[in-house]
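Opening a page for this one. I want to go through the chain contact and a few loop residues, one at a time.

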Amino acid sequence: MAEIKNFTLNFGPAHPAAHGVLRLVLEMDGEVIQRADPHVGLLHRGTEKLAESKPYNQSIGYMDRLDYVSMMCNEHGYVLALEKMLGIEAPVRAQYIRTMFDEITRILNHLLWIGAHALDVGAMTMFLYAFREREDLMDVYEAVSGARLHATYYRPGGVYRDLPDTMPLHEKSRWTDDKEVNRLNENRGGSVLDFIEDFTTRFPTYVDEYETLLTDNRIWKQRLVDIGIVSPERALQLGLTGAMLRGSGIEWDLRKKQPYAMYDHVDFDVPVGVNGDSYDRYLVRIEEMRQSNIIIKQCVDWLRKNPGSVMHEDHKITPPSREEMKGDMEALIHHFKLATEGYCLPEGEAYAAIEHPKGEFGCYIVSDGANKPYRLKVRAPGFAHMSAMDELTKGHMLADVVTIIGTMDIVFGEVDR
Amino acid sequence: MSESLQTLKSHLNEALADKVQVCTIALKELTVEVVPENLLMLAKFLRDDASCLFEQLIDVCGVDYLTYGETEWDTSSGSFSRGVKREFSFDSGEQEEAVAFEGKRFAVVIHLLSVKLNQRIRVKCYCDDNDFPMVDSVEGVWSSANWFEREAFDMFGILFNGHPDLRRILTDYGFIGHPFRKDFPLIGHVDMRYDEEKKRVVYEPVSIEERILVPRIIRKDQRFTPAVEGDE
């Protein structure tokens with residue numbers, strides 16, 4: 001009989017199932033994994049160090065680029081930490097807008113996750129479906145901020161601007177004829193809120209479609225059930241948060257337990273798994289999309305009825321309006337000071353965390369009283385999840401590694417920072 | 001929330017009177033400072049004690065206090081000075097300055113979360129030796145500390161005694177230095193490019209100059225000098 005030895009397999013960093021730039025060094029016994037050693041850092045940009053050299057507001061854009069599929073949630077974590085130290089609170093309308101966009105972002109994130117996850121496991125269709133819906137939501141991003149991905153929409157003290165009254169329309173081009181343009185513009189006649197509301201009425205049917213494709217699908221279940229089981233105790237030990245923790249049966253959601261923005265004013269449920277395997281985490285995230293949809297609906301209703309300011313009035317921190325600036329000397333001075341040196345935070349330190357689509361996203365800021373952070377530490381959920389890779393894959397087959405990467409919802413922008 | 005923090009604070013002060021240095025509540029967050037010798041003991045206590053139950057380690061991060069409170073623009077001398085450009089170099093002169101830094105330079109900050117009791121705490125531990133910063137690893141208490149400590153080692157050069165696998169994690173293979181230290185320049189030390197003649201990637205000293213676009217300024221804001229209160 002031939003002698004069988006352990007061998008080492010290199011996976012990535014340019015493998016399509018590695019979700020970016022993961023390099024895994026796998027120690028294998030035949031097809032069974034003995035040890036997985038993830039090599040991360042290929043996308044390390046030193047965001048935290050860069051933030052130390054810039055006034056606070058200039059780093060908001062960097063936050064988008066951490067987890068680049070849930071942009072506004074990252075901003076929210078950073079902005080909350082700033083607001084905590086400044087001792088200010090955004091106006092209620094701004095907080096509702098943030099709540100709504102956090103949930104839009106959660107759907108965006110989960111759509112990409114389910115598309116990529118299903119693609120890895122072998123269901124091509126999901127990817128196309130998910131991107132169809134992402135397109136609509138990214139149009140909403142574009143309508144409010146001007147950018148489809150890296151929005152830089154949240155500011156300490158509110159959001160950059162109020163929701164616009166019109167939704168940008170598609171135009172006729174070489175690729176779209178009148179009929180097609182009319183079809184695309186069908187829902188875009190009203191304001192952004194109208195468009196979002198229209199989306200929330202359509203979206204549950206879409207989720208049903210995904211479930212029809214996957215939930216009882218024999219191949220999907222064969223690939224996911226009992227793969228990457230985490231017990232509740234180990235989940236806590238390994239620092240797993242978000243859906244990874246809830247999939248293991250621990251009911252923990254910062255939106256409920258340590259509410260921020262307007263989460264204590266909206267109704268929603270927190271889905272919890274039972275077995276802690278990949279399939280449960282899939283079900284948890286699917287239900288989260290439905291719940292997000294419900295939250296968005298409630299926010300739209302509130303925002304329709306309650307117009308108002310979306311920025312804090314203190315012009316030492318938030319810039320005055322353009323109009324004021326042209327006519328009022330003091331406003332001009334405020335603007336000049338903000339544009340040239342920004343604002344200073346009081347000396348001290350603060351940690352603010354939010355329930356990011358992937359888990360707990362937190363920002364720890366140390367300030368020495370300057371206009372730039374002395375130290376900014378970003379606590380990215382994906383980093384902790386990635387560190388659990390070895391334990392989750394041990395004893396599984398090589399093909400299951402792909403499932404486990406998918407179920408962890410890894411994005412390297414935030415793991416490497 | 002703040003009441004429960006108060007009770008937790010007094011409980012910690014009672015149970016660990018001589019072991020804990022400072023225990024403060026600021027911005028509704030409880031911070032405990034501890035000397036490196038007592039870190040491991042405190043970690044175990046925080047995890048297992050019935051009124052602490054911090055079963056989850058959220059974050060470990062290093063902080064370098066080398067330039068804390070330094071500014072790049074002096075506005076106190078009557079007239080405005082130009083923005084001062086800090087020259088970073090690894091010349092001997094700069095090295096001496098680093099050694100001359102008084103006080104404790106490196107700190108390890110640990111954030112903990114209790115899912116059962118819904119509370120958070122921050123543990124801060126200043127390393128004794130500025131040239132050879134070392135604290136005990138809490139990896140044995142919380143497994144998730146593993147990578148966070150590797151990161152702090154990579155970025156700050158803080159050593160974690162008892163860590164099972166203290167390798168670099170985020171920087172490139174063969175990287176020299178600890179990039180998040182305050183005496184490490186923002187632009188780094190080396191450029192990397194593909195050399196057409198040598199047919200491989202080559203490293204060269206950096207070719208760009210560091211610029212400061214907005215100087216670092218500290219302003220004593222009247223509003224923040226008393227306890228931080230609402231602006232309205």
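**Burial first.** I call a residue buried when its relative accessible area is under 20%, exposed when over 50%, and partly exposed in between. Note to self: this is a predicted model.

**Entry 1, D409(A).** I looked up its accessibility and got a relative accessible area of 4%, so D409(A) counts as buried. Its place in the fold is the loop that runs between α17 (398-408) and α18 (412-416) of chain A. The backbone caught my eye: phi of D409(A) is positive, about 55 degrees, and the residue is not a glycine.

**Entry 2, N118(B).** Here is another positive phi outside glycine, with N118(B) near 55 degrees. I found N118(B) in the loop between β4 (106-114) and β5 (119-126) of chain B. Buried or partly exposed? N118(B) comes out at 21% relative accessible area, so I log it as partly exposed, the cut-off for buried being under 20%.

**Entry 3, the A/B contact.** How many residues does each chain put in? I get 69 residues from chain A and 64 residues from chain B. The buried area between chain A and chain B is about 5,400 Å², and carbon and sulfur atoms give 53% of that. On chain A's side, K49(A), Q237(A) and Y374(A) supply 14% of the area that chain A buries against chain B, more than any other three residues.

**Entry 4, polar side of the contact.** I count 11 salt bridges between chain A and chain B. One that I pulled up pairs the side chains of K377(A) and E151(B), at 3.1 Å from N to O. Polar contacts between chain A and chain B come to 39 residue pairs, with both residues at pLDDT 80 or more. For composition, I sorted the residues on the side of chain A that touches chain B: 30 are nonpolar, 17 polar and 22 charged.

**Entry 5, E341(A).** Which residues does E341(A) touch, leaving aside neighbours within four places in sequence? My list has P55(A) and N371(A) from chain A, then V214(B), I217(B) and R219(B) from chain B. With R219(B) there is also a side-chain to side-chain polar contact, at 2.7 Å. E341(A) sits in the loop between α14 (329-340) and β6 (348-356) of chain A. Its relative accessible area is 6%, so E341(A) goes down as buried.

Technical notes: Residues numbered from 1 in each chain as written. Chains lettered and ligands numbered in written order. Predicted model: local features only at pLDDT ≥ 70, side-chain atom pairs only at ≥ 80, totals over all residues. Heavy atoms only, no water. Contact = heavy atoms within 4.5 Å. Buried area = accessible area lost by both parts, 1.4 Å probe. Polar contact = N/O pair within 3.5 Å; in protein donor to acceptor, adjacent residues only side chain to side chain. Nonpolar A, V, L, I, M, F, W, Y, C, P; charged D, E, K, R; others polar. Helix = DSSP H or I, 4+ residues; strand = E, 2+ residues; numbered from the N terminus. Buried < 20%, exposed > 50% of the residue type's maximum accessible area, 1.4 Å probe, protein only.
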